[in-house]
Amino acid sequence: MSSPSPKLQGVTVICASYNHEPYIRDALEGFVKQQTTFPFQAFVTDDVSSDNTAAIIREYAEKYPDIIVPFLHDKNVGAGRSWRNMINHANTSYIAFCDGDDYWTDPLKMQKQFDYMEAHQNLRACFHDVAISIETADGTWFQSKDFCHTKDGSLRWPSGHVRFFKKPTYKLENFIPFGFVHTSSMFLRWDYSIEFPDWYFDKGVGDFPMWALQVNTGRFGYLDEAMSVHRRTDSGSYAFSNKYEFWRRSKNGWVELDEGMIDFFTRTKPSKSIVRALRARENDDLAKLIKGTAECCSKDELAKVLVHRSPEIAALYGVDVPKDFTGEALDATYDQIAKAAPLPPYNQTLGTRLKRMREILATGWRTIA
């Protein structure tokens with residue numbers, strides 16, 4: 001059930017937390033220290049943590065009853081349903097996001113984004129740069145090299161990424177190739193008529209499809225300053241030791257999200273250019289799922305993935321997957337997919353290199369055009 005039409009010219013902050021005891025105080029402090037000319041509240045969920053996260057949220061709700069609104073579950077429902085539940089209780093024109101293990105660093109963050117959106121009524125949303133703090137046990141993060149392309153080598157999302165191009169505004173086709181908007185920077189002019197579809201839930205990621213549905217065929221702006229911190233820790237749904245594990249554990253959900261978003265932009269908010277961008281992303285997500293499974297799992301597990309994803313493999317790569325595999329048939333099918341997709345690494349043959357180069361150029365154009 002959606003919220004009624006917005007009544008308040010203010011902001012609702014949405015914060016989902018689970019076992020965030022070491023971090024949640026920083027998130028809550030970031031909310032209560034905001035200096036604004038408009039009313040705002042922070043809706044904060046604890047999804048039945050096994051630590052003291054809920055107690056800390058209660059503490060802040062008692063101390064700052066006009067700002068912190070606790071949503072303390074008695075049953076674990078996941079981050080996506082937590083978001084939906086909180087948003088169904090909102091009635092403000094704007095909604096901002098920050099997960100419980102990240103935090104805001106600028107007390108004027110919301111005021112800056114609010115003023116920007118008020119001055120740009122044609123935009124659906126805006127975002128800003130985010131500092132990345134690596135707080136893993138060994139002090140490393142396998143994606144560090146992707147986000148260190150700054151003048152001083154500091155990690156920034158997204159300005160530190162070589163694929164990010166700074167522009168005043170963007171469209172969804174720019175965003176789709178690698179999802180450069182971080183959750184803690186999201187600030188949206190919320191459209192309460194857009195529901196959370198069934199395919200949205202239990203896929204391991206919620207910010208990307210939510211942003212896509214809300215921005216849809218509109219545009220969004222960029223504030224070129226870091227106003228929050230994203231932590232990389234050893235916990236959480238996106239804690240992985242290497243890219244292959246990351247692909248294996250995350251990309252199955254991504255393929256299903258791609259299909260759901262393609263349906264949305266085919267039926268609900270038709271856009272051929274967005275569908276083309278999503279098809280290209282699905283191609284890449286499926287290739288990485290297959291490669292990650294091949295690198296991390298047994299051949300039996302790989303066979304299960306190929307059979308399960310046989311409709312997408314046939315549609316995207318033109319390869320028919322047998323229902324029953326022998327060892328030789330599995331190897332032959334995998335080789336076919338590797339050539340047709342192609343699978344990473346993309347330098348196996350001249351043909352796959354050329355095909356991948358065309359895909360990279362097309363993706364690059366979608367990012368900057």
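How many of the chain's residues are buried, as a percentage? I looked this up before anything else: buried residues make up 54% of the 369 in the chain. Note to self: this is a predicted model.

**Overall layout**

I counted up the secondary structure and got 12 helices and 10 strands. Then I checked how far apart in sequence the contacts reach. Taking contacts between residues at least 6 apart, 75% of them join residues at least 24 apart.

**H1 and what surrounds it**

Next I went to helix H1, residues 24-32, and pulled out its buried residues: Ile24, Ala27, Leu28, Gly30, Phe31 and Val32. I wanted to know what they pack against. The list has three strands in it, E1 (8-17), E2 (40-46) and E3 (68-72), then helix H2 (53-63), and also strand E5 (103-104).

I took the H1 and H2 pair further. Their axes come within 10 Å and cross at roughly 20°. Since angles under 35 degrees count as roughly parallel, H1 is roughly parallel to H2. The crossing of H1 past H2 is right-handed. On the H1 side I found Ile24, Arg25, Leu28 and Glu29, and they meet Thr53, Ile56, Ile57, Glu59 and Tyr60 of H2. I sorted the residues of this contact by type and got five nonpolar, one polar and three charged.

**H8 and H9**

For a second helix pair I picked H8 (residues 272-296) and H9 (residues 299-308), whose axes come within 8 Å and cross at roughly 165°. Angles over 145 count as roughly antiparallel, so that is how H8 and H9 run relative to each other. H8 also passes H9 in a right-handed crossing. The contact is made by Leu289, Ile290, Thr293 and Ala294 from H8, with Glu301, Leu302, Val305 and Leu306 from H9. By type, I have six nonpolar, one polar and one charged here.

**Nonpolar cores**

Which residues touch the most other members of the largest nonpolar core? I got Phe97, Trp211 and Phe220, in a core of 48 residues. Apart from that core lies another one of 31 residues, with Leu28, Met110, Phe114 and Tyr116 among them. Leu28 was already in my notes as a buried residue of H1.

I then listed the contacts of Trp211, leaving aside neighbours within four places in sequence. They are Ala125, Cys126, Phe127, Leu172, Phe175, Val181, Met186, Phe187, Leu188, Asn216 and Phe220.

**Phe175**

Phe175 turned up in that list, and I followed it up. Phe175 sits in helix H5, residues 172-175. Is Phe175 buried or exposed? With a relative accessible area of 1%, Phe175 falls under the 20% cut-off and therefore counts as buried. Beyond four places in sequence, Phe175 touches Phe180, Val181, Phe208, Trp211 and Phe220. I checked one of these partners, Phe208: 33 residues away along the chain, its C-alpha atom is 9.1 Å from that of Phe175.

**His182**

Last entry: where is His182 placed? I found His182 in the loop between H5 and strand E9 (187-189). Its relative accessibility is 5%, so His182 counts as buried as well. With residues up to four places away in sequence not counted, His182 touches Asp102, Val130, Trp157 and His230.

Note on methods. Residues numbered from 1 in each chain as written. Predicted model: local features only at pLDDT ≥ 70, side-chain atom pairs only at ≥ 80, totals over all residues. Heavy atoms only, no water. Buried < 20%, exposed > 50% of the residue type's maximum accessible area, 1.4 Å probe, protein only. Helix = DSSP H or I, 4+ residues; strand = E, 2+ residues; numbered from the N terminus. Contact = heavy atoms within 4.5 Å. Axes fitted to C-alpha atoms, helices over the stretch in contact; angles between N-to-C directions. Parallel < 35°, antiparallel > 145°, perpendicular 65-115°, else oblique. Left-handed = near helix turned anticlockwise from the far one by under 90°. Nonpolar A, V, L, I, M, F, W, Y, C, P; charged D, E, K, R; others polar. Core = buried A, V, L, I, M, F, W, Y, C linked by side-chain atoms within 4.5 Å.
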